[in-house]
Structures are given as C-alpha cells and as structure tokens.
Amino acid sequence: MKKSIALLVFIFISPICTADEISGDNLPGFYLVNTPNARLNNQQKYFSHEYQKINLRKNENDSEIRPKHLTGLALSGGGIRSSAYQLGILSGLYESKKNLLDIDYISSVSGGSWANGGYWAWASSDEEFFNCLFTAAINPKADCDAAVMLNSEQPFAILPAEGAKLKARKRQWKEYIESVYLPNCNVDAEDIKSTGIDSACARNYRTKPYVIINATHSVPTTEQGASEMNMPFQFTLDNIGTISDCHPDMKCKKGFFVNNISKDFAWVNNALFRKDKPENSLSAAMAASSGVVGAPVLLSYEYELFYQPRISLLGNWRGSNIKEIRKEIVLSDGGKSDNLGLVPLIERGVDLIVISYMGKDNDLNKNPWEDLDIAVKQVKNLLGCDVEKPGLDVDLSKNLIHESKYTCKNHNGKILHVKASYGNAKRFVEYLSSIGQSDLVNYLTVKDVENNKNENDRFPQTETMKQKYDDELIRSYYLMGRWVAKEYLSDIIKKTQENGTN
C-alpha cells in the first residue's frame, strides 16, 4: 500500500515539476547567438533599443540609429575598495561637467558594479548624491543617506560548501547589496511587468548612462582563478544573457539574450520544493557580479529560464525550457572571466573606452596589466578583435592615464587606461594635504607605508578580500578616484572626443 501511495505521489508531482522544452527560434523577446561576434557584426540589429535610449538621453531625438560617437566607462572589480574608488571616479566626472552626459555606457564588475548600480538607482538628484559622498569622505561623522556606500566592512565569512547555511549566505549577500546600494530603486523586473517602473527609476532609466552589469556563468564553484576560458554574462535593464556558452568540457550551447521585462519569460532562482521566485532585479545582478566573498568556493546563483511561466501546485515556478541553452545557468563573480567589463563595450563598438582599474595585482612592478591580459584574450577569442596594451615599461609613477587602441574587422576605437599605483599616489597625498585632510595624510604616510613594507599590499593596492578595513583607507580610495577623474581624466576625455576617436 505504501509503495502504491508513493508511486501515485510521484506520478502526481512529476508533471508539475518537470519542464518541457521548446525551441528558442522565433520566440518573441528572445534570440539565440550563433557565434560570439554575431552582435558585434550587426550592432544596429541588436543594440537599436540601447541607441534609442542614448539618443533620447542626449536630447537629440528618439532615433534607433547608432550615435556617431559612443563613450563607455568600464569599472573594474576589487571589492569595497574598488566600489569606493569607482564612486570617486563618477564623482569627479560629474563635478567637472556638472553631469555625466559625456558617458553613454557604464559596464562594471564586482565592486565596480556596486558603484555602478548604486549611482544608477539613486532616487534623488545627482548633486545630492555626489555632495553627500564627498562630505562623508572629508568628514566621517557626516549624516547623509549616500554615506553608507563608503562603508568599510563587508559582511562575509568563510562559507559552508553546501546546504541551507550556504543558501542563507547567498540571500544575505543579495540583501546586503540592496540595503547599502539600492535603498530607493531596485528595479525588480517582475514589478515592472505588473505596475510599470517607479517614477524615480523611470527618470534614471531616461537620464543616466546605460548600465551593463557583468557576471561569469557556468564556472565550477571551486574555480577561484580568472581565465579567458570562463564565459562572461551580461545584465542590462533590457536584456540578460551571454554571447557564448562553450567551455573546456566541450558541452557547448548557444549564446542567448532574453528581454528582461517580457511577460513571456521568468528568470527563476532555481531550488526545488521551496518558495523560489523570479530574480531579474538589479540587486540579483549585482550579487552575481560580486560572487567572491572570501569563501573556499565561489558564491554562485543558480537560475533557470522559463518560457510561458506559471506557478505549480507546489508553489514553484515552472514553464518550458529553451532547448538550445543550458537548463540551469550558474552565475558567479564577473572577475572570473573579465574583471574590467571590457568585452561588452568592444562588442558594442564603443568609440572611446575608459577603463578604471582597481583590481589587486600580484606584482605591480612585474605586470601592472593582469586584468587587461585576460580581457585581451577574451576579446580576441570571442570577438576576433585585437586590444593594444600600454606596455610593461610605462612609468606608473608619472602617469595616471595611458592610451591605447582596439581594432576589429569593421571598427576600431581608443582606450584610456586609468591606473593608480603607489608611485602616483604620492601626488594624491600632496593633494590631501592641500585640502586639509591631515588625518588621511598621516594614515597613508605612517600606518599604511611605514608599518607595511610590502609595496604590493599598500594603498592603492590593498588586499581585496578583507572583511574590515580602516575607515581612513576607504575614504582615501574614494577621494583618490575623485581626484583622478576631476583633475586629469575629464579633460582627456573631452579632448579625445573633440579630436575624434577613430
């Protein structure tokens, strides 16, 4: 009798929990990428919706034709030290022009994505946002809402390898990002489908640079190293997906992109027999983009894409799988494939790319371009384009910004590499002294240098995976980014744009 009951339960439950398969060809709101460079070679077809937003933002027209000159900012990973530094970069660019209209795209990874998403989702004015950050950096007792983004502690610990505690940690990581960086506007696509975008978010959608958040997909959870064999995954406010899904295991699938707010699809955090839900929100993208948090395994997020989604009798989301792509897509830290966010900008043929580096180099003197090395290989392997490196002989003590170029079959562009180092940080310390920040000058010259003889682990090359930093250090990272952008980068961007980028 018990066996019969068990069999009946199995028969009853199986149809509810098993998704059928449907071809992705010709599904509205979904398209397959047959080759990784397909979108690069037909940009007008795939990016017209992005061009329309960029044209409208610049008060030109509502044309879907590619703008004549595109400028993109790539914000690298590097934990909360990178987040603070990249917020400083955005602050300096804003303050130099009183807007960020010169920037069309912001593509980011990990800590850079916190800065990218945090700025994009801020509900009040840009002026209030950046004034608060600067005030908090020069006065740690400042009490304004955005000051929490210059936090000096990230809530991670050694994670369990599996089980309920690991799931709880994943949820905690996402909720931490929501509370610190997205208090006003998380842009949950499920809410957009049913109610439309909140008014503040709608304004940002129209007026701020186009956001690209980068993760890595289908990397083994024990794979801590970055590699050009790991595949990038893109989130935008319109589409999510990947240009390639072919790995060393040779179980190749096609790339794909799906409309982020299409009612025909659900992007579900997949876990059987528990309350799962669609997770195509900005915080979900930022959590996946920053999935390395000091664990012995990657902090990864498992997703399943459903066509014609529905709720089963068990309360789980079901629907049809797309047969040409993986049933389960596991997302983790974007730095495992491209710690700069360079690939999507070259794929879009951006004419001027500004890369803001804040990753941790193993040895800055031997190779200051470790993150660029992997990105160069990715661009070559996936897109067939060549990226010129600034070279190993550049004098980082004299120059903060270095110029190179990239070349594709039908397009080329310029790249500005913004690279902070201990050598050029000495000028920054002089700047701190000129604005009366004696506590930070003392901190950087005494505690960070005299007490730390390892040049490869002192400001601005501090270890990334620390749970707690000194407040003075995070304030210094922010102020350095602001100083670099305001005093050096903004003028170079303007001159490059005026002289043409091709």
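Start by selecting helices α3 (residues 79–97) and α14 (residues 471–499). Their axes come within 6 Å and cross at roughly 40°; axes here are lines fitted to C-alpha atoms, for helices over the stretch in contact, with angles running from 0 to 180 degrees between N-to-C directions. That makes α3 oblique to α14, because angles under 35 degrees count as roughly parallel, over 145 as roughly antiparallel, 65 to 115 as roughly perpendicular, and the rest as oblique. The crossing of α3 past α14 is right-handed, a label for a near helix turned clockwise from the far one by less than a right angle, with anticlockwise being left-handed.

Before you go on, note that this is a predicted model, where local features need pLDDT of at least 70 and side-chain atom pairs count only at pLDDT 80 or more, while totals for chains, interfaces and linings use all residues. Residues are numbered from 1 along each chain as its sequence is written, and side-chain values use heavy atoms, leaving out hydrogens and water.

Now show the side chains between α3 and α14. Among the residues in contact (heavy atoms within 4.5 Å) are I80, Y85, L87 and L93 of α3 and I474, Y477, M480 and L489 of α14. By class, this contact of α3 with α14 has 14 nonpolar, six polar and four charged residues. Ala, Val, Leu, Ile, Met, Phe, Trp, Tyr, Cys and Pro count as nonpolar, Asp, Glu, Lys and Arg as charged, and the others, Gly among them, as polar.

Keep α3 on screen and add helix α4 (residues 111–120). The α3 and α4 axes come within 7 Å and cross at roughly 45°, so these two helices are oblique to each other. Here, too, α3 makes a right-handed crossing. Look for S83, Q86 and L90 on α3, and W114, A115 and Y119 on α4, all included in the contact. You'll find six nonpolar, six polar and no charged residues in the contact of α3 with α4.

Next, zoom out. The protein has 14 helices and 16 strands; helices (H or I, at least four residues) and strands (E, at least two) are DSSP runs, numbered from the N terminus. Of its 502 residues, 59% count as buried, meaning under 20% relative accessible area, with exposed over 50% and partly exposed in between (1.4 Å probe, protein chains only).

Time to go inside. Select F30, F256 and W267: they touch the most other members of the largest nonpolar core, which has 99 residues. A nonpolar core is a set of buried Ala, Val, Leu, Ile, Met, Phe, Trp, Tyr and Cys residues joined through side-chain atoms within 4.5 Å. Helix α14 gives this core its largest share, 11 residues. Then hop to a second, separate core of 37 residues, including L40, I243, V343 and V387.

Finish with some backbone oddities. Pick F459 and P460, which are joined by a cis peptide bond with omega about 0°. P460 sits in the loop between α13 (438–450) and α14.

Move to S218, in the loop between β5 (210–217) and β6 (231–235). S218 is not a glycine, yet its phi is positive, about 60°. Is S218 buried or exposed? At 15% relative accessibility, S218 counts as buried.

Last stop: Q308, in strand β10 (residues 301–311). Phi of Q308 is also positive, near 50°, and at 49% relative accessibility Q308 counts as partly exposed.
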